[in-house]
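Visitor: I'm new to this structure and would like a close look at one part of it: the salt bridges. Could you walk me through where they sit and what surrounds them?

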Amino acid sequence: MSNSNKEEIITRQVLDAHGRMDDLKEVRMRNVFDNRWRVNVWCYYEDPNLMSNLTRPSTIKYSYFIRVDDSGNIVHSDPELGTQSLAG
């Protein structure tokens, strides 16, 4: 299975674990090695100091190091899916 197919499967599983997220911008991931992936969930946030409405700031709200099987199914996640990043 190609990495792009795995990305679609991983993204779906991560979003299913979180449920509806009104502030979601995107899910980015990279295969680090041997079916082990870094997955970052980017979300918008409000910045009261921002003087313009032209851009919406975003940050990594959730970050995971996951392991998947050959079909792209998540078999382990650190931290557990749904746990908010310390940075978020």
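Guide: Of the 88 residues in this protein, 26% are buried. Keep in mind that we're looking at a predicted model. The C-alpha trace spans about 45 × 25 × 25 Å along its principal axes. You'll find 1 helix and 4 strands in it, and if you read along the sequence they come in the pattern α-β-β-β-β.

Let's get the sheet in view, since we'll need it as a map. The 4 strands make an open sheet, ordered β1-β2-β3-β4, with antiparallel pairing. At its edges are β1 and β4, each of which pairs on one side only. Going from one strand to the next, the twist averages 30°.

Now to your salt bridges. The count comes to 4, and we'll visit three of them, following the sequence.

Start with R20 and D22, whose side chains meet in a salt bridge with N and O 2.9 Å apart. That pair also shows up as a polar contact of 2.9 Å between the two side chains. D22 sits in the loop between α1 (3–18) and β1 (24–33). Is D22 buried or exposed? It's exposed, because its relative accessible area is 65%, and the cut-off for exposed is over 50%. R20 counts as exposed too, with a relative accessible area of 78%.

Next up is R28 with E26: here the closest N and O atoms are 2.8 Å apart. Both partners are partly exposed, R28 at 40% relative accessible area and E26 at 26%.

Our third stop is R36 and D34, where the side chains form a salt bridge at 3.2 Å, N to O. The two ends have their own settings: R36 is partly exposed at 24%, while D34 is exposed at 58%. As a general idea behind all this, side chains of opposite charge can pair when their charged atoms come close.

R36 is a handy doorway into the sheet, as β2 covers residues 36–44. That strand is joined to β3 (residues 58–68) by 9 bridges, and the two run antiparallel. If you want a spot to check the pairing by eye, find R38, which stands opposite F65 in β3. You can also use R38 to get a feel for distance: D22 and R38 are 16 residues apart in sequence, yet their C-alpha atoms are 23 Å apart in space.

Carry on across the sheet and you get from β3 to β4 (residues 74–78), another antiparallel pair, this one joined by 4 bridges. Here I66 stands opposite S77 in β4. The hairpin of β3 and β4 has 5 residues between the strands, and within the hairpin G72 takes a positive phi near 90°.

I66 deserves a pause, as it links back to our third salt bridge. Leaving aside residues up to four places away in sequence, I66 touches I10, N35, R36, W37, V39, I74, H76 and S77. So R36, one half of the bridge with D34, is among the residues that I66 touches.

I66 also takes us inside. The largest nonpolar core has 13 residues, and those with the most contacts inside it are I10, W37, V39, V41, Y64 and I66. At least two residues of this core come from each of α1, β1, β2 and β3. In soluble globular proteins, nonpolar side chains tend to be buried together.

One more neighbor on the I66 list is worth a look: N35, found in the loop between β1 and β2. Is N35 buried or exposed? It's buried, because its relative accessible area is 12% and buried means under 20%. The side chain of N35 makes a polar contact of 3.1 Å with the side chain of D70. Again leaving out residues up to four places away in sequence, N35 touches K6, I66, R67, V68, D69 and D70.

To zoom back out, residues 24 or more positions apart account for 40% of the protein's contacts with a separation of 6 or more. The contact between I66 and I10 is one to look for on screen.

Methods: Residues are numbered from 1 along each chain as its sequence is written. This is a predicted model: local features need pLDDT of at least 70, side-chain atom pairs count only at pLDDT 80 or more; totals for chains, interfaces and linings use all residues. Side-chain values use heavy atoms; hydrogens and water are left out. Buried means under 20% relative accessible area, exposed over 50%, partly exposed in between (1.4 Å probe, protein chains only). Two strands pair if DSSP finds at least two bridges between them. A polar contact is a pair of N or O atoms within 3.5 Å; within protein, one must be able to donate a hydrogen and the other to accept it, and residues adjacent in sequence count only if both atoms are side-chain atoms. A nonpolar core is a set of buried Ala, Val, Leu, Ile, Met, Phe, Trp, Tyr and Cys residues joined through side-chain atoms within 4.5 Å. Contact means heavy atoms within 4.5 Å. Axes are lines fitted to C-alpha atoms, for helices over the stretch in contact, and angles run from 0 to 180 degrees between N-to-C directions.
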